[in-house]
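Open the model in your viewer and get ready to select residues. We will go stop by stop.

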Amino acid sequence: MRGGIVIDAALFRHKHQLWLRLAFLSFAASEPQIKSRLYEFSQIEFRHLKWLSQHLYDARIPYDYGRDKTFGIEFQTLSEGLSGAVAAIETANALYDASELGERMRRDERYILGVLDAYRPPCIDTASAFDRRRVWSDAPLDTAQTDALSLFLFEELYKEYELILIYLYRLVRATSATQSSSFTDLIDESHFHLRSFGEMMAKMGILALPRELHPRTYVITDMEKFLRNGIVEEENAKEECRRLSETITDEKLSAFFEFINFQESYHIEIMKKLLEERLWNN
């Protein structure tokens, strides 16, 4: 590396949190254009995280998916949330070295900062994503339906977050084109689900960070066992979607959960294809 601070696990942790901050900020935002732009920026941060993962793995530098004890994403107004993102990006900027990767991240975030700064003054809307009202505004749901939907969203948000990070961990350790393509597809699908569930939680006022992952969740020593267990978990997720679709009387919500159910079916096929591989590098 040429000058600056060498890319390390501390930077990885900060970037992991920055991805989460921007993603959840996008879930909480109400103005469609700002919401979309913030999510695009979160995906840029996730690509940074992927590149950092590969760099650290290739350099044999250990890293984990831990988060700072003080890390949080709740705010009272969108302007406050944007200010938190600006401060986090400025902190990250001071950690980049002069490598090509460091320069790429620095230049990406220079543009992002300009956009976020422009958003801040007019964005004073109250953030209802965290007010815990538990109301689905598009349709009247009774207590049982609201409870079922809330529990499902909390569980699935964590599951998708967990899967994104597990698949990312495996992607940088892929030993074949099949593995690389499969884990990339699974990550992309899980991003869509995470966004969908996160925006639904924000709409109900119950948006919250998923719990932190323990290393034994993603440091996998038996990939065949992991994939077989993953197939069972996807089958269970399909069943939960089916049950929720039957419990919820709103046709649009039921149709959405049936849509997710069929996507989970194809995830099972991807994992079955991965089971045929015998090139695992744990």
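In which hand does α2 pass α4, left or right? The crossing is left-handed. Bear in mind that this model is predicted.

**Stop 1: α2 and α4**

Select residues 32-58 for α2 and 100-119 for α4. Look along both axes. They come within 11 Å and cross at roughly 165°. Angles over 145 degrees count as roughly antiparallel. Therefore α2 is roughly antiparallel to α4.

Now show the side chains at the contact. On α2, pick Q33, I34, R37, L38, F41, I44, E45, H48, W51, L52 and H55. On α4, pick L101, R104, M105, D108, E109, Y111, I112, V115, L116 and Y119. Colour them by class. You should get 13 nonpolar, three polar and five charged residues in the contact of α2 with α4.

**Stop 2: α3 and α4**

Keep α4 on screen. Add α3, residues 78-93. How far apart are the axes of α3 and α4? They lie 10 Å apart, and the helices pack at an angle of about 155°. That angle makes α3 roughly antiparallel to α4. The crossing of α3 and α4 is left-handed.

Select L82, A85, V86, I89, E90, A92 and N93 in α3. They meet R106, E109, I112, L113, L116, D117 and Y119 in α4. Colour by class again. This contact of α3 with α4 has nine nonpolar, one polar and four charged residues.

Pause on E109, I112, L116 and Y119. These α4 residues are in the contact with α2. They are also in the contact with α3.

**Stop 3: α2 and α5**

Hide α3 and α4. Return to α2 and add α5, residues 143-171. The axes of α2 and α5 are 9 Å apart, and the angle is about 40°. Is that roughly parallel or oblique? Angles under 35 degrees count as roughly parallel. The angle here is about 40°, so α2 is oblique to α5. Check the hand as well: α2 passes α5 in a right-handed crossing.

Select F46, L49, K50 and S53 in α2. Across from them, select I164, L168 and L171 in α5. By class, the contact of α2 with α5 has five nonpolar, one polar and one charged residues.

**Stop 4: the cavity**

Stay on α5 and add α8, residues 223-247. How many cavities of 30 Å³ or more are there? The count comes to one. About 50 Å³ of space lies in the largest cavity.

To see its lining, select K159, L163, Y167, F226, G230, E233, E234 and M271. Which helices each supply at least two of the lining residues? They are α5 and α8. The largest share, four residues, comes from α8.

Finish with one more colouring by class. The lining of the largest cavity divides into four nonpolar, one polar and three charged residues.

Terms used
Residues are numbered from 1 along each chain as its sequence is written. This is a predicted model: local features need pLDDT of at least 70, side-chain atom pairs count only at pLDDT 80 or more; totals for chains, interfaces and linings use all residues. Side-chain values use heavy atoms; hydrogens and water are left out. On a 1 Å grid over the protein atoms alone, a cavity is a set of points where a 1.4 Å probe fits but cannot get out, and a pocket is an open set with protein on both sides within 12 Å along at least five of seven lines; lining residues have an atom within 4 Å of a point. Grid points are joined across faces, edges and corners, and a volume is the space filled by probe spheres set on the points. Ala, Val, Leu, Ile, Met, Phe, Trp, Tyr, Cys and Pro count as nonpolar, Asp, Glu, Lys and Arg as charged, and the others, Gly among them, as polar. Axes are lines fitted to C-alpha atoms, for helices over the stretch in contact, and angles run from 0 to 180 degrees between N-to-C directions. Angles under 35 degrees count as roughly parallel, over 145 as roughly antiparallel, 65 to 115 as roughly perpendicular and the rest as oblique. A crossing is left-handed if the near helix is turned anticlockwise from the far one by less than a right angle, and right-handed if clockwise. Contact means heavy atoms within 4.5 Å.
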